[in-house]
Amino acid sequence: MRNRYRNTIAGFAGLGVLIALILTPTPYHAQTQAQPYRAPRTKDGKPDLNGIWQAVNSANWDIEGHGAAPGPLWQLGAEFSVPPGLGVVEAGPIPYKPEALQKKQENFADRMNRDPEIKCYLPGVPRAMYMPYPFQIITSPQHIMMAFEYAGAVRTVYMNHSDAPADSWMGWSNGHWEGETLVVDTTDFNDLSWFDRAGNYHSDALHVVERFTAADKDHLNYEATIEDPKVFTRPWKISMPLYRIVEKNAQILEDKCVEFSEEVLYGKLAKVPPK
Amino acid sequence: MSQRLIAPPGAILALILIAVFLMPSPAAGQLKLGTNALNVAPAPSAEAKPWAVGKTPDEQPDLQGYWTNNTMTPLQRPGGVTKESYTKEEFFDALKKQAERDGEEATPGTVEDVHYDHSQFGLDRTQGKLTPNLRTSMITDPTDGRIPPMTQEGKKRAADLAAQKRKQGAQYDQAENLSTTTRCIYMGAIPMIPPAYNNNYQIVQGPGYVMILVEELHETRVIPMDGRPHAPQSVRSWLGDSRGHWEGNTLVIETTNFNDKVAFQGGSRDLKLTERLTRTGEDTMKYEFTVEDPHTWTQPWKAEMPVTKGVGPIFEHACNEGNYSMSNMLAAARRDEKKAAEAAAKKGNQ
């Protein structure tokens, strides 16, 4: 029934669009919005994801939904309290194995000693992508670089496959294009980074597949599938938009936080320990 | 009980190197003798046909790839050397003498007898691919190859800094008293003078930016190429604020806005650094830099060095994350103090 009239319907629709185009810009606008966005291209013909980007959410405090809460130091009052957030985990909660969930809870209870961010350690992936700092994507045909303000962290995405020489904090990333989407497959992590300040963690079996797709000229849709059979019962997914920093003079500034973490790391070994 | 940590003296290695360097260069360029130590890039030949730099998809001169500036050439010309360049023979003679000094026998059990096995820590430069450079110093101007004299202001600042350091106490009293290198904070990524190890760089050119990844401390220099002004003077940092532009095929990077803590060769926060990178061949690049700082030196000074194609990829240098030596050194100092206090108390009781 439907097929029979398809051509006729399509013909009418086409005519309708044409009339709409001529008469008023509004239906035309609606029509283009229904199409998936096609990003401008770089000179080598790939979707242009270059720019300075940042997540705007409270995932770095807790990737799962959470209400507002006091911060770890009462002295800082409201200034370092936990802002609420709906979470970035799709179809949560995170599918921890029972013993792994217990470790997550221990991590949170002991976060002042355990959170790698307090020590200015490299953030790992995906945490680097939604820390409250901007990062820049710089693309070339062979390598896509991601330069992060926090701790001067950096990722190299190899577009011509390359094998990891060893495990590392930021893992080893290979990328390819699937139409409008940059797909980044990252493995060879160590087991030392966390997902957030809430103690969510992974093992060295972590495997992250990220998808970056331009939603419009100033937004990227970012999603990451997280797989770690040592810690989780099944793969799970986070997703969020990344926002372009649109200031004309925006640049990645230097944030060498090692200097700020020395009292935490070595204070107790100083001749006169800090009070 | 022996304090001797050294592997066989480097003199033997120097002799091997001499033999290798003096051999005629094979057409292939790299000498692969089964050890990475002896991979030497070819010197440009006089008969080589003119080489033209390639272009990136957006028509910039293409400097992309992995590079190394590992060299035995010091920044300043050593005392007693007057020539601007060595012959190969003289270069290896100097190298050999240095290796012999490093390998000299000393009385066992004395501090002089403590040697590091440089090769174990990657501190032996011959372990990596060497960039041939027969210059006796990186500095080209002044022509004596030495950093020019300091101004009164520069001397005073250096003295004030030293006094400040003394006030902070002894070297191992706290982390802050150690060098920024030991602390994994800053290892002198700019200008790009080769550090003791990890002297590798990766250049990636994206639209409007050149990125230089410095392997040491994963320093990522993201350099805007769009002619924008520098960040406000109040925004200061270890690596400063870099802006780039092209002069023909040369990438020119101008950097200002340093913080008070860098003190490159005793320079001030108002030091202005201009770097110039020019491809000279498929596997070679020239790196020049000019230092201008009237608050420190009586005149600007310049240096240059060759850079050669390196071997990628660059691996993550997570220095702070693995800085066990810091804890070990501080813990050892506290233990020594405790032992000394106990010994003093014991003596007092006698």
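Me: What volume does the second largest cavity have?
Reply: The second largest cavity has a volume of about 80 Å³. The model is predicted, with local features needing pLDDT of at least 70 and side-chain atom pairs pLDDT 80 or more, while totals for chains, interfaces and linings use all residues. Residues are numbered from 1 along each chain as its sequence is written, chains are lettered from A in the order in which they are written, and side-chain values use heavy atoms, without hydrogens and water.

Me: What counts as a cavity?
Reply: A cavity is a set of points, on a 1 Å grid over the protein atoms alone, where a 1.4 Å probe fits but cannot get out; lining residues have an atom within 4 Å of a point. Points are joined across faces, edges and corners, and the volume is the space filled by probe spheres set on them.

Me: Which residues line the second largest one?
Reply: The lining includes W67(B), M192(B), Y201(B), I212(B) and V307(B). By class it has nine nonpolar, one polar and no charged residues, where Ala, Val, Leu, Ile, Met, Phe, Trp, Tyr, Cys and Pro count as nonpolar, Asp, Glu, Lys and Arg as charged, and the others, Gly among them, as polar.

Me: And the largest cavity, what is its volume?
Reply: The largest cavity has a volume of about 230 Å³. Of its 18 lining residues, the closest to the centre are V154(A), T156(A), I314(B), F315(B) and E316(B). The largest share of the lining, four residues, comes from β5(A); strands are DSSP runs of E, at least two residues, and helices runs of H or I, at least four, numbered from the N terminus.

Me: Changing topic: how many residues are in the largest nonpolar core?
Reply: That core has 54 residues, and I63(A), F212(A), W236(A) and I238(A) have the most contacts inside it. Such a core is a set of buried Ala, Val, Leu, Ile, Met, Phe, Trp, Tyr and Cys residues joined through side-chain atoms within 4.5 Å, buried being under 20% relative accessible area with a 1.4 Å probe, protein chains only.

Me: What does W236(A) touch?
Reply: Leaving aside neighbours within four places in sequence, W236(A) is in contact (heavy atoms within 4.5 Å) with residues including I63(A), V89(A), F195(A) and I226(A).

Me: How much area do chain A and chain B bury between them?
Reply: The two chains bury about 3700 Å², 58% of it on carbon and sulfur atoms; this is the accessible area (1.4 Å probe) lost on being put together, summed over both. In chain A, K256(A), Y266(A) and L269(A) lose the most area to chain B.

Technical notes. 1 Å grid on protein atoms, 1.4 Å probe; cavity = no way out; pocket = protein on both sides within 12 Å on 5 of 7 lines; lining within 4 Å. Buried < 20%, exposed > 50% of the residue type's maximum accessible area, 1.4 Å probe, protein only.
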